[in-house]
Amino acid sequence: MLLTLFRSYKPTRTLGRLHVNGDRYCYTAERGQMDPKFPCIPEGEYPIVLPFSPKYQRVMPRILHVPGREGILIHPGNDPLKDSEGCILVGYDLMDVGVGRSRVCFNELFAWLQEANKGQTIAIDIREDR
């Protein structure tokens, strides 16, 4: 399974469109590219695994091999400045500060990831929206 994230960079937030196996799925929100503590993930392709997260007390999608960072997840949330420490938030609605209807969106995406995890590799390709 391949997730492709097309991002647009804003001063304090990075907003994007997430595609699943080539089909447009939802919107994303991350912290800004120049955030001093938690900048957005550099462009590139990264594997995704589904380990148990002690923070969330459940299995969560984790992005591996992000340079200089660990514990980067895809999870629900609306405002990346309030709901994320450098992770990718997903939602069905794009808003000025981030994404909306996030939990419903995440739950559906997570179900697909769990199914794919039974026999496929999962990766995310992050690139600038041009």
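Let me start with a definition: two strands count as paired here if DSSP finds at least two bridges between them. Strands themselves are DSSP runs (E, at least two residues), numbered from the N terminus.

A word on what you have in front of you. This is a predicted model, where local features need pLDDT of at least 70 and side-chain atom pairs count only at pLDDT 80 or more, while totals for chains, interfaces and linings use all residues. Residues are numbered from 1 along each chain as its sequence is written, and side-chain values use heavy atoms, with hydrogens and water left out.

Now let's walk along the strands, beginning with β1, residues 2-9. On one hand, β1 runs parallel to β12 (residues 122-128), and six bridges join them. If you'd like a spot to click on, Leu2 has Ala123 of β12 as its bridge partner. On the other hand, β1 is antiparallel to β2 (residues 13-20), with seven bridges. There, Thr4 is partnered by His19, and a hairpin of three residues makes the link from β1 to β2.

So what follows β2 in this hairpin story? Another hairpin, this time with β3 and with two residues in between. Have a look at Asn21 in that turn: its phi is positive, about 50 degrees. β2 and β3 (residues 23-31) are antiparallel and share eight bridges, and Arg13 meets Arg31 of β3 as its bridge partner.

Finally, β3 also pairs with β9 (residues 88-91), antiparallel again, over three bridges. The residue to find is Tyr27, whose bridge partner in β9 is Gly91.

Terms used. Helices (H or I, at least four residues) and strands (E, at least two) are DSSP runs, numbered from the N terminus.
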